[in-house]
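Here are a few exercises to work through with the model open in your viewer. Try each task before you read its solution.

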Amino acid sequence: TNSLTMIWKLFKHLSEDQQRYEKQLIFEHPTFVKLCQQLLRDARRMTRGDLVFSLHAVVNLGVPQNTLLVQTLVRVCQEKLNQLDNRCISVLATTLAGLDKDKNVSALQAGLQLLVEQRIPSIRDIFILQNLMKCLGKDVPVFLKKKLEMAVLKEIDHLTFPNALRMFLALVAMNYCSIPILNACSKKIQENVHDVSFRHLILILEACYSLQYRNVKLFSAVADYVNSTACLWDKRQIMLFLSAFETLGFQPSELMDVFAEKVTEDPEFLNLKNLLIVLRVYSRLNYIPRGQKHLFFETLHNCLNEYLPQISNTELLKAVYSLCMLGYLPRRALDELLQKDSRDELLLSDDLYKEQKEVMIRAVKACMELDSPSFTKPAFVLTENSSSLVSLNLRKAQEALIELLGDENMFQQNVQLPHKYHIDFEIRMDSDRRKVLPISATDDHTDSSVQRLAFLFVPLSAFCVGTTHPQGKLAMKKRHLNKLGYHVILVLNRKFQEMTNEDAVEFLREKIYSENAFPFSEETVQDSN
């Protein structure tokens, strides 16, 4: 056992190329063959520790799973399972995680799961607990995940910084979002963020995404650290940080300013793949760098033009869509995209993203019309027939509006506009916003004195995490509704649903009649095109 373990310890620190070479030498060495034969003979006489560590070393050295040696060690472990202490259980769980499921392995895993369930109350070592969480994986029953969670929480005061990093990954492996554990881990990471490597920072952000865990303090700590040490990171690393933040819906504005400056100073860094990532990040997070808007756009536009001869139609659509979402129209790329051949290829393709491509092309066409400098606000907006039915999550808003305005004829619901834009509720008012006008009385009214209010009840995911800053799609919709003559009022639907009926009515009254009825206008930085 000591020999095998030492071979494994030396072996695991080699590079991949060295490992392939050394593995061949090890397997061909006559002493290694004798060692394995002796291990096979003595397996049932070995102590529990020697047995488990021998299996661990043999498997990690790459001895095939279907050999008599590995299968014998697995069966003996099953026979001696109840004799294993907590440390041996942890090592065995790690070993089994690296094996394919067969009859013997599955039987041992099932027995190990039952043993872990019995032993959890006696395990006080966080390292062992997190290792079990990681190795048992996402297939364990929910009740066992909860037991492991409670065991960790009992020892959470002894959580160290290295354990906090590993705990994130263990929870991902188990596919279990324990908010108390994640909060404790986040606190440790925030306190020691300057000691976390680039790889681990990215893994932490990816873990937050996998677990749907949103912690603004943690995200801000990571973003502030990267921003304060920006000179130590290369542009690719900062871009990967921004990409990770984008998937989380978190907008690190200062870091995005710093990165934009680096891009404008050295656009050679932007190969096609990097260009598409940068466009996606800034458009989805709805961010235009402070003080360098036109330079930043021109830099990205010029890079895109360079790749036009070689870019695929799908990639071209993504790039143009991102720039249009930010309110910038890349003319040459638009001409290329909307050529009949390119458009037909995108729309006639049978891939899984056909519907998504149609939505993107429709949005691009809307931007070409509404964001054009020559576009003027129409005196009258043609609306399609709207259904009188509202979805369940808007029923409360409908009832509050009826109570507030006294009649369903005082507002319109489910309004369909050009470019397939949709408004939850439309209200029309006089120029002083003191009186709500009946919908029927203003249906054909082109008088510019009529104020049109558009209520959009939106989910929390439509905003950047921890802010009321709309993400790209919502910001683009708001900008376009403004162009069509609407004052847009964004309402966070979840908070509205939590209000009492009286509070909901008062909330809507304030939004409709108050001078500060349109509080989100300053949040959408693209309103001024």
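**Exercise 1.** Work out the handedness of the crossing between α22 and α25, and how the two helices are oriented.

*Solution.* Start with the handedness: α22 passes α25 in a right-handed crossing. Keep in mind that this is a predicted model. Next, get the geometry. Helix α22 covers residues 395–405 and helix α25 covers residues 501–513; they pack at an angle of about 70 degrees, and their axes are 9 Å apart. Angles of 65 to 115 degrees count as roughly perpendicular, so α22 is roughly perpendicular to α25. Finally, list who does the touching. On the α22 side you'll find K396, A397, A400, L401, E403, L404 and L405. On the α25 side, the contact uses N501, A504, V505, L508, R509, I512 and Y513.

**Exercise 2.** Find the strands that pair with β2, and decide whether β2 is enclosed or not.

*Solution.* Take the partners one at a time.

- β1 (residues 412–416) pairs with β2 in the antiparallel sense, over four bridges. One bridge partner pair here is Q412 and E426.
- β4 (residues 451–458) runs antiparallel to β2, with five bridges joining them. E426 turns up again, this time with A454 of β4 as its bridge partner.
- β3 (residues 436–437) is also antiparallel to β2, through two bridges. Here M429 has V436 as its bridge partner.

Now for burial. Residues count as buried under 20% relative accessible area. Seven of the eight residues of β2 (residues 422–429) are buried, so the strand is largely enclosed by the rest of the structure.

**Exercise 3.** Locate a residue with positive phi in each of the hairpins β1–β2 and β2–β3.

*Solution.* The β1–β2 hairpin has five residues between its strands, and H419 takes a positive phi near 65 degrees. The β2–β3 hairpin has six residues between its strands; there R433 takes a positive phi near 55 degrees.

**Exercise 4.** Which residues touch the most other members of the largest nonpolar core?

*Solution.* The largest core has 158 residues, and L92, F168 and Y282 touch the most other members. Zoom in on L92: leaving out residues up to four places away in sequence, L92 touches V52, L55, C77, L81, L84, L108 and L112. There's also a second, separate core of 23 residues, which includes L401, I427, I489 and V491.

**Exercise 5.** Is Y353 buried or exposed?

*Solution.* First place Y353: it lies in the loop between α20 (340–348) and α21 (354–370). Its relative accessibility is 51%, so Y353 counts as exposed.

Conventions. Residues numbered from 1 in each chain as written. Predicted model: local features only at pLDDT ≥ 70, side-chain atom pairs only at ≥ 80, totals over all residues. Heavy atoms only, no water. Buried < 20%, exposed > 50% of the residue type's maximum accessible area, 1.4 Å probe, protein only. Pairing = 2+ DSSP bridges. Core = buried A, V, L, I, M, F, W, Y, C linked by side-chain atoms within 4.5 Å. Contact = heavy atoms within 4.5 Å. Axes fitted to C-alpha atoms, helices over the stretch in contact; angles between N-to-C directions. Parallel < 35°, antiparallel > 145°, perpendicular 65-115°, else oblique. Left-handed = near helix turned anticlockwise from the far one by under 90°.
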